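Work through the exercises below with the structure open. Try each one before reading its solution.

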Amino acid sequence: MTAPQHLYLVDGYGYLFRAFFALPPISKKDGTPTGAAYGFSNMLVKLLRESDADGMLVVFDAKGPTFRSEIYPEYKANREEPPEDLVPQFPMVREAARAFGLPILEKEGYEADDIIATVAKLAREKGIEVTIVSSDKDLMQLVGPGISMLDPMKNRKIGPEEVLEKFGVGPDKVVEVQSLAGDSTDNVPGVPGIGIKTAAQLIEEFGDLETLLERAGEIKQPKRRENLQTYAEQARISWKLVKLADDAPLEIDWDDFLLREPDPKTLSDFLDAYEFRSLKTRLADKLEAGDVIPDEREAGGTGEATKAAADTLNAGESFELVQDLKALEAWISEAGEQGFLAVDTETTGLDPMRDLMVGISLATRPGRACYIPLRHGLIEKESDQLALSGDAEDAPKQIPVKEAIKALKPLLEDPSVLKIGQNIKFDLLVFAREGIEVAPIDDTMLISYALEGGAHGHGMDELADLHLGKQTIKFSEVAGSGRKQVTFDEVPLDKALDYAAEDADVTLRLHQVLKPQLRAEHVATVYETLDRPLVPVLAQMERTGIKVDRDILRRFSNDFAQRIEELEEKVYKVAGRRFTIGSPKQLGEILFDEMGLEAGRKTKGGAAGTGADILQGLANQGHELPALVLDWRQLSKLKSTYTDALQNQIHPETGRVHTSFSQAVASTGRLSSNDPNLQNIPVRTEEGRKIRTAFVAEEGCKLLSVDYSQIELRLTAHIAQVPALVEAFEAGQDIHAITASQVFDVPLKDMTPEVRRQAKAINFGIIYGISPFGLAQNLGIEQSAAKAYIEAYFERYPGIRDYMDATKKLAREQGYVTTLFGRKVHLPGIKDANPARRSFSERAAINAPIQGTAADIIKRAMIRLPGALAEAKLKAKMILQVHDELLFEVPEAEIEKTSKLVKKVMEGAAEPAVKLAVPIDADAGVGDNWADAH
């Protein structure tokens with residue numbers, strides 16, 4: 001039985017009443033009131049489109065009395081009858097929920113709040129995260145680990161902090177406070193003269209209601225003391241009334257709660273029956289794409305389904321150049337009314353932290369898009385610096401930038417309007433520099449990545465060709481190429497319109513084709529809980545950047561230059577002549593032809609390979625020249641890639657380096673870093689560690705590095721179900737020493753560093769499908785010995801070999817493997833006729849569930865940390881992620897608190913979605929620079 005990982009429990013009547021009182025009366029042609037049902041339906045649409053849930057249940061009150069009426073017959077006796085116009089809409093909202101494919105639940109004798117309490121409790125026992133969609137204060141008693149609330153009207157999350165603000169106590173004491181204060185709406189009597197504030201003070205002092213009533217004689221205020229003694233039994237009855245029953249007799253099939261695409265005909269019939277025409281227009285994607293995809297899925301394969309969905313979006317193009325405020329306001333109004341739009345920015349370059357916004361394109365429906373030029377002909381370029389020109393005589397007609405930004409800001413920040421982008425993180429950064437914080441968002445690149453990570457690239461041009469059969473306009477077609485290429489602000493407006501508006505239009509079309517597939521492919525949770533919410537987190541990290549000391553880099557560059565020269569002379573001396581060290585061909589001639597060393601594999605051109613692994617193998621055999629060349633290559637790369645390049649990448653205004661994190665590159669879900677790549681700085685060499693000393697903290701701060709300890713080995717133990725490794729991790733033992741002892745039959749007391757090193761190489765190598773040849777190269781031993789080590793390892797841990805064999809088989813059958821969180825890693829080469837490619841895909845299949853799960857876990861931590869830091873009122877900034885490590889800049893006075901909080905969040909990041917058999921540990925370090933912290 002499949003269960004959701006994140007379940008939304010919707011307070012159905014709470015939604016209905018909010019909608020009824022928020023909207024003006026609306027009726028069908030025959031006079032039947034429908035306004036509340038219309039509002040309810042709109043709220044469901046918004047929730048379905050913006051939630052990160054993969055499960056949803058709408059809960060209603062059943063007709064008739066509940067068990068509370070037996071406890072206290074006057075319960076809810078003061079309530080007025082519902083408004084006359086609302087009564088006929090009660091069955092409508094049940095119809096609405098079913099039309100949208102959502103299950104509903106009600107139970108005779110219980111209130112909806114009791115059903116929510118029961119389902120929430122059962123869900124938590126199964127490790128399911130719960131969000132209660134309601135603002136009802138009675139439900140706040142349920143807030144706790146894994147259970148939060150969402151106020152749908154204010155789009156505000158309600159956690160323990162908000163409960164404390166409301167009641168003056170935490171969620172676990174809400175019932176105590178309510179039983180004293182009472183509730184006139186529900187006719188809960190409470191104790192006369194005691195309100196919320198006083199009740200909170202009393203409960204804080206005495207701990208709980210019963211203790212307070214037993215010690216009421218200690219109350220100093222005479223009237224308060226008298227009331228507590230007189231109305232003690234009334235308070236106890238109130239406690240029973242406000243305490244939600246979490247043991248309602250329910251029969252639950254968790255699979256029923258999984259979100260599914262609504263049946264297009266059922267939804268269309270419902271919208272027609274109640275004359276919700278504008279809502280039907282907004283839901284065209286569900287009614288069209290949803291009509292196609294399920295049928296084609298049953299027929300097998302996604303290609304025809306995608307093509308059919310694309311055909312429904314094959315509208316003609318109508319692009320508009322927006323050059324005045326009135327025209328822009330019309331577009332803003334249209335987008336606001338329908339609740340979504342695609343958006344794209346054009347800039348002077350590809351660095352969102354330095355390059356200037358040139359214009360904005362919007363799309364509101366397939367084929368309808370516009371381009372809003374803002375700075376064409378207004379940018380001066382001097383000494384590689386961009387500046388706005390004061391001379392606008394030759395510039396084309398455009399809306400003044402400040403006026404356009406002021407007009408667009410409310411729309412782009414409106415929480416009820418979805419902004420759709422392709423790689424929208426770039427646009428978030430560009431808009432942020434103009435003072436706009438864009439939210440909420442969807443990203444077609446990441447939707448594609450969640451659907452088919454590893455199967456193909458996820459750039460717009462490739463996706464347009466693949467899913468829409470469309471060849472997009474290339475940048476070179478409008479801006480030129482090579483030396484003649486101009487920046488976008490110099491592109492004529494007619495060409496700029498075609499290029500920019502097409503970007504927004506294609507993005508919207510891709511969204512309407514791809515978004516409905518998330519649920520059909522069972523990856524909605526991956527996108528909604530991992531990929532989408534990470535975008536603003538990464539954008540903020542990129543905006544913050546990390547401080548780099550230019551003087552330290554300059555010193556290292558000079559030092560490396562001198563050492564490179566010295567190494568070159570040594571290389572020439574050992575080789576017996578001068579040659580171009582960076583030339584693989586010339587190096588191969590020296591090593592294999594002139595020196596007679598044994599050549600390894602050949603290149604495609606037939607020459608002997610001189611890759612790092614080949615040279616390392618030769619160096620391990622004691623040959624001096626390969627070792628010297630490796631040192632030369634390393635220093636040369638460090639100098640050119642880091643100590644030289646980083647100096648030019650320090651932002652002139654911030655004094656910091658702003659890397660860019662990519663979510664849709666590595667097939668396993670790992671983040672990658674570029675411009676500059678800060679993830680590839682070597683950490684196992686002294687020179688690599690030196691470079692990290694140039695990354696420093698601001699004055700008054702320290703750098704805090706928190707790193708998962710052996711997380712991939714821990715996940716291997718869990719996923720492959722290896723009892724011996726699980727026990728070792730649970731006991732906190734040295735896993736490499738334990739492995740060495742078990743595999744090589746060496747008592748722990750006799751363990752040598754060399755034997756432990758061999759076990760460590762096997763532990764890490766096995767995850768990556770290491771071969772006897774590869775292990776022999778790493779350890780500098782004979783291949784036969786390496787093979788014997790691997791066989792001994794599998795003999796001791798047969799579960800790992802079973803996992804590897806089963807995973808390869810599964811990958812061949814379905815073409816992909818999954819992480820523990822449901823991320824699909826596609827392996828297009830798993831059935832390749834070429835043995836080398838097939839073998840590579842098999843190794844990737846074995847590694848992907850492990851490395852991918854580790855990547856998912858740290859992403860979950862990254863998503864939670866900004867909120868956790870804010871809730872704890874800590875000022876730390878998360879500034880860098882390097883695989884299993886997170887780096888923070890922290891005020892010195894907050895180091896200890898921040899370190900504890902970050903470790904707690906990181907170590908618990910897998911839960912509640914996944915309960916691991918092994919503990920996850922994170923190690924923290926602090927320093928003035930990155931090297932010291934790590």
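**Exercise 1.** In this predicted model, check whether the end-to-end distance of helix α2 (residues 35-50) fits its number of residues.

*Solution.* Step one: count the residues of α2, which come to 16. Step two: the expected span is 1.5 Å times one less than that number. For α2 this gives 22 Å. Step three: compare with the end C-alpha atoms, which lie 23 Å apart, so the two values agree.

**Exercise 2.** Decide how covered α2 is.

*Solution.* Buried means under 20% relative accessible area. In α2, 15 of the 16 residues are buried. The helix is mostly covered.

**Exercise 3.** Describe the setting of Gly-55.

*Solution.* Begin with the strand: Gly-55 belongs to β2, residues 55-59. Next, take its relative accessible area, 0%. That is under the 20% cut-off, so Gly-55 is buried. Then list contacts beyond four places in sequence. They include Pro-4, His-6, Leu-7 and Tyr-8, and also Phe-257, Leu-258 and Leu-259. Last, take a distance: the C-alpha atoms of Gly-55 and Ala-96 are 17 Å apart, with their positions 41 residues apart along the chain.

**Exercise 4.** Find the strands that pair with β20 (residues 701-708), and the bridge partners of Val-706.

*Solution.* Take β24 (residues 885-891): it runs antiparallel to β20, joined by seven bridges. Here Val-706 is bridged to Leu-886. Now take β25 (residues 922-927): six bridges link it to β20, again antiparallel. There the partner of Val-706 is Ala-924. Finally, check burial: seven of the eight residues of β20 are buried, so the rest of the structure largely encloses this strand.

Key. Residues are numbered from 1 along each chain as its sequence is written. This is a predicted model: local features need pLDDT of at least 70, side-chain atom pairs count only at pLDDT 80 or more; totals for chains, interfaces and linings use all residues. Side-chain values use heavy atoms; hydrogens and water are left out. Helices (H or I, at least four residues) and strands (E, at least two) are DSSP runs, numbered from the N terminus. Buried means under 20% relative accessible area, exposed over 50%, partly exposed in between (1.4 Å probe, protein chains only). Contact means heavy atoms within 4.5 Å. Two strands pair if DSSP finds at least two bridges between them.
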